[in-house]
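Dear colleague,

Here is the structure I promised to pass on, with my notes on it below. Please keep in mind while reading that the model is predicted.

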Amino acid sequence: MPLPDASLQSLKYAQLELARLPALRRQLEASEALSELDGDEIAYLLELLQGYRLGCGDVLFREGEPAAYMGMLLEGRLIVSKRNEDAAGKPLYRMAAGKVFGEMAMLDGEPRSATLSAAEDCSIAVLSRDAFERLCRERPVIGLKLLRRIARLLSQRLRRASGLLVDYLP
């Protein structure tokens, strides 16, 4: 049984109602994870998503922490960093609006593979594992589309990473 993910508790007072914020809803509709969903499917998904604001410098989660959700960056920039041999965090990349995070942990239930912090004020949409399981039970076609899109994103990232690593092979 995975440990509970408490990373959103510090953000509980910055919760957003995505359905009532048209600009954020448009950003959500443009997210790379939802490109295969139509308007009605996104409207249903909106009922399951929670929105949050992060301030510049806020750490959403740390590498190794329990994980129980994936998210989509709607506004702002996030920094993804990973511990190195010295246990110091090394920035890997900056994530722009429309990108997805936490999808690996969402699928495999393993701890977070990196640390995610806000490079500037951000708005995010979060889909909990419980909400995802509900989605798959109640609207399996939407769940399948979302899973297929996440698998495609992970495959693209793996291809890029293996392309970068080839220069380090003997």
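Helix α5 gives the most to the lining of the largest pocket, with nine residues. That pocket has a volume of about 1000 Å³, and of the 35 residues that line it, the closest to its centre are V80, L92, Y93, M104 and R157. Besides α5, which covers residues 140–165, the elements that give two or more residues to this lining are β5, β6, β7 (100–101), α3 (103–108) and β8. As to chemical character, the lining residues divide into 20 nonpolar, eleven charged and four polar.

Two of the helices just named each hold a residue for which I can give an accessibility and a distance. L165, which lies in helix α5, counts as exposed because its relative accessibility is 53%, and the cut-off for exposed is over 50%. Between L165 and G71 there are 27 Å in space, taken from C-alpha to C-alpha, and the two are 94 residues apart in sequence. L107, which is found in helix α3, has a relative accessible area of 40% and is therefore partly exposed. From L107 to M72 the C-alpha to C-alpha distance is 15 Å, with their positions 35 residues apart in sequence.

Several of the strands that line the pocket also belong to a sheet. Four strands form this open sheet, in the order β3-β8-β5-β6, and the pairing is antiparallel. Its edge strands are β3 (59–61) and β6 (89–95), each of which pairs on one side only, and the twist averages 30 degrees from one strand to the next. As a reminder of the underlying chemistry, the strands of a sheet pair through backbone hydrogen bonds, and they may do so in either the parallel or the antiparallel sense.

Within the sheet, strand β5 (residues 78–83) and strand β8 (residues 115–118) pair in the antiparallel sense over four bridges, and among the residues involved is V80, whose bridge partner in β8 is L116. V80 has already appeared above, as one of the residues closest to the centre of the largest pocket. Strand β8 also contains T115, which counts as buried because its relative accessibility is 15%, where buried means under 20%. The side chain of T115 reaches the backbone nitrogen of E63 at 3.0 Å.

Which strand is largely enclosed by the rest of the structure? It is strand β9 (residues 122–128), and the reason is that six of its seven residues are buried. Strand β9 pairs with β2 (residues 50–54) in the antiparallel sense over five bridges, and it is also joined by six bridges to strand β4 (residues 69–75), again with the two running antiparallel. A125 of β9 takes part in both pairings, since it is the bridge partner of G51 and also the bridge partner of M72. M72 is the residue whose distance from L107 in helix α3 was given above as 15 Å, C-alpha to C-alpha.

If you look at the model on screen, you could begin with V80, which links the two main topics of these notes: V80 is among the residues closest to the centre of the largest pocket, and its bridge partner in β8 is L116.

With best wishes

Key. Residues are numbered from 1 along each chain as its sequence is written. This is a predicted model: local features need pLDDT of at least 70, side-chain atom pairs count only at pLDDT 80 or more; totals for chains, interfaces and linings use all residues. Side-chain values use heavy atoms; hydrogens and water are left out. Two strands pair if DSSP finds at least two bridges between them. Axes are lines fitted to C-alpha atoms, for helices over the stretch in contact, and angles run from 0 to 180 degrees between N-to-C directions. On a 1 Å grid over the protein atoms alone, a cavity is a set of points where a 1.4 Å probe fits but cannot get out, and a pocket is an open set with protein on both sides within 12 Å along at least five of seven lines; lining residues have an atom within 4 Å of a point. Grid points are joined across faces, edges and corners, and a volume is the space filled by probe spheres set on the points. Ala, Val, Leu, Ile, Met, Phe, Trp, Tyr, Cys and Pro count as nonpolar, Asp, Glu, Lys and Arg as charged, and the others, Gly among them, as polar. Buried means under 20% relative accessible area, exposed over 50%, partly exposed in between (1.4 Å probe, protein chains only). A polar contact is a pair of N or O atoms within 3.5 Å; within protein, one must be able to donate a hydrogen and the other to accept it, and residues adjacent in sequence count only if both atoms are side-chain atoms.
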